[in-house]
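Please open the model in your viewer and set it to a cartoon view, with side chains ready to be switched on. The tour below goes from selection to selection and says what is to be found at each stop.

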Amino acid sequence: MTRPGLPKLIATDLDGTLVRSDETVSAYTHEVLDRVRAAGIPVVGATGRGPRLAELTRNDIRAADFLVMAGGGRVVDQSDPAGPMVLRDERLPADVLAALLADLEAAVGPLTVMVEASDEHDAPLWGDYHPSWPYQDAFEARSRADCLSCDVIKAFVRTADHHVDELLAVARQIVPPEVATLTQAGLGFVEICPPGVDKSTGLTVVAQRLGVDPAEVLVFGDMPNDLPMFAWAGWARVAVSNAHPIVRAAADEVTLRNDDDGVAVYLDRLLSR
């Protein structure tokens, strides 16, 4: 059950939650988020998107005071008039990733691997081509050696023989959490992040900066990579109705689909009650 009054911080996932299937955010959603900020409640965009997509992310959630990106690995304070300030920037060492991939392939067979190595604007992912990857215009085919030539923001893996949730479960049995954080965000790939990196630890950076207790935070999400912030936030955890079943089960409430502006509808009612 939600608490009376209003939360002191609101964080929302973007793709599949705030952003609609046509990759747009409605004028209604922007207007409601502006009203949230006008009510004195900071807004956080919490996304798996890496810093190379910061401009797109700012456009999709223009009211955001903070961005938690790369699944928690990059945290940006946008509230300073002097310009954005990076509060957290985590990387996964190349040698750790190489050993991890070898262990995974020994267990599950050949992997399709992509890495996010650069934080430059619109930088491509590197790695193995796969037709299911939805953003082919931001991809560059490169060898495994190239992919492991530097520390990475995040890696993506899949196999031909495993559903993503099955591969995630197997990978979590093989890769200890102190080596890497494993999750999936609805793209058909298991995502490999630095250890200790998830949306909850990214939001912790924001909450500590603002002096907000997690019990006063409202969050919205749709995919397993949102579960850490669902476990962390205490005011309410809200899933959109198109969310993964495990996320709906973890939610206090379920709002309308992303395509029906479910986050904005929930917040509009909250501000109006």
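What follows is a walk through a predicted model, from its open sheet to the helices that pack on it, then to the cores, a hairpin and two loops.

**The open sheet.** Begin by selecting the eight strands that form an open sheet in the order β5-β4-β3-β2-β1-β12-β13-β14, where the pairing is mixed. At the edges you will find β5 (85–89) and β14 (253–255), each of which pairs on one side only. Averaged over the sheet, and with direction ignored, neighbouring strands are turned by 20 degrees against each other.

Within this sheet, select residues 43–46 and 66–69, which are the strands β2 and β3; they run parallel and are joined by three bridges. Gly 45 stands opposite Leu 67 of β3.

**Helices on the sheet.** Now add α6, which packs on the sheet and touches β1, β2, β3, β4 (74–77), β5 and β12 (217–221), its direction making about 160 degrees with that of β3. Also packed on the sheet is α9, in contact with β1, β12, β13 (236–240) and β14, and its direction makes about 155 degrees with that of β12.

Stay with α6, residues 199–210, and look along its length: its 12 residues reach 17 Å from the first C-alpha to the last, close to the 16 Å expected at 1.5 Å a residue. Which residues of α6 are buried? They are Lys 199, Ser 200, Gly 202, Leu 203, Val 206 and Ala 207. If you turn the view to look down the axis of α6, these buried residues fall within an arc of 155 degrees, so they line one face of the helix. After α6 comes Gly 211, with a positive phi near 70 degrees.

**The cores.** Next, show the side chains of Leu 218, Tyr 266 and Leu 267, which touch the most other members of the largest nonpolar core, a set of 49 residues. The greatest contribution to this core, five residues, is made by helix α9 (residues 262–272). Select Leu 267 and its surroundings: leaving aside residues up to four places away in sequence, Leu 267 touches Ile 10, Val 32, Leu 33, Val 36, Leu 218 and Phe 220. Apart from the largest core lies another, of 24 residues, with Leu 92, Val 108, Ala 117 and Val 190 among them.

**A buried threonine.** Move to Thr 12, in strand β1 (residues 9–12). Is Thr 12 buried or exposed? With a relative accessible area of 1%, Thr 12 is buried. Its contacts, not counting residues up to four places away in sequence, include Thr 17, Val 44, Gly 45, Ile 61, Phe 220 and Val 263.

**A hairpin.** Select β10 (residues 181–184), where Thr 181 and Thr 183 point one way and Leu 182 and Gln 184 the other, although all of them are buried. Strand β11 (residues 190–193) pairs with β10 in the antiparallel sense over four bridges, and Cys 193 of β11 stands opposite Thr 181. Five residues lie between the strands of this hairpin, in which Gly 186 takes a positive phi near 90 degrees.

**Two loops.** Finish with Glu 23, in the loop between β1 and α1 (27–38), which has a positive phi of about 70 degrees although it is not a glycine; Glu 23 is exposed, at 56% relative accessible area. Asp 122, in the loop between β6 (112–116) and β7 (125–127), is not a glycine either, yet has a positive phi of about 60 degrees, and at 47% relative accessibility Asp 122 counts as partly exposed.

Conventions
Residues are numbered from 1 along each chain as its sequence is written. This is a predicted model: local features need pLDDT of at least 70, side-chain atom pairs count only at pLDDT 80 or more; totals for chains, interfaces and linings use all residues. Side-chain values use heavy atoms; hydrogens and water are left out. Buried means under 20% relative accessible area, exposed over 50%, partly exposed in between (1.4 Å probe, protein chains only). Two strands pair if DSSP finds at least two bridges between them. Contact means heavy atoms within 4.5 Å. A nonpolar core is a set of buried Ala, Val, Leu, Ile, Met, Phe, Trp, Tyr and Cys residues joined through side-chain atoms within 4.5 Å. The expected span of a helix is 1.5 Å times one less than its number of residues. The arc is that of the directions from the helix axis to the C-beta atoms. Axes are lines fitted to C-alpha atoms, for helices over the stretch in contact, and angles run from 0 to 180 degrees between N-to-C directions.
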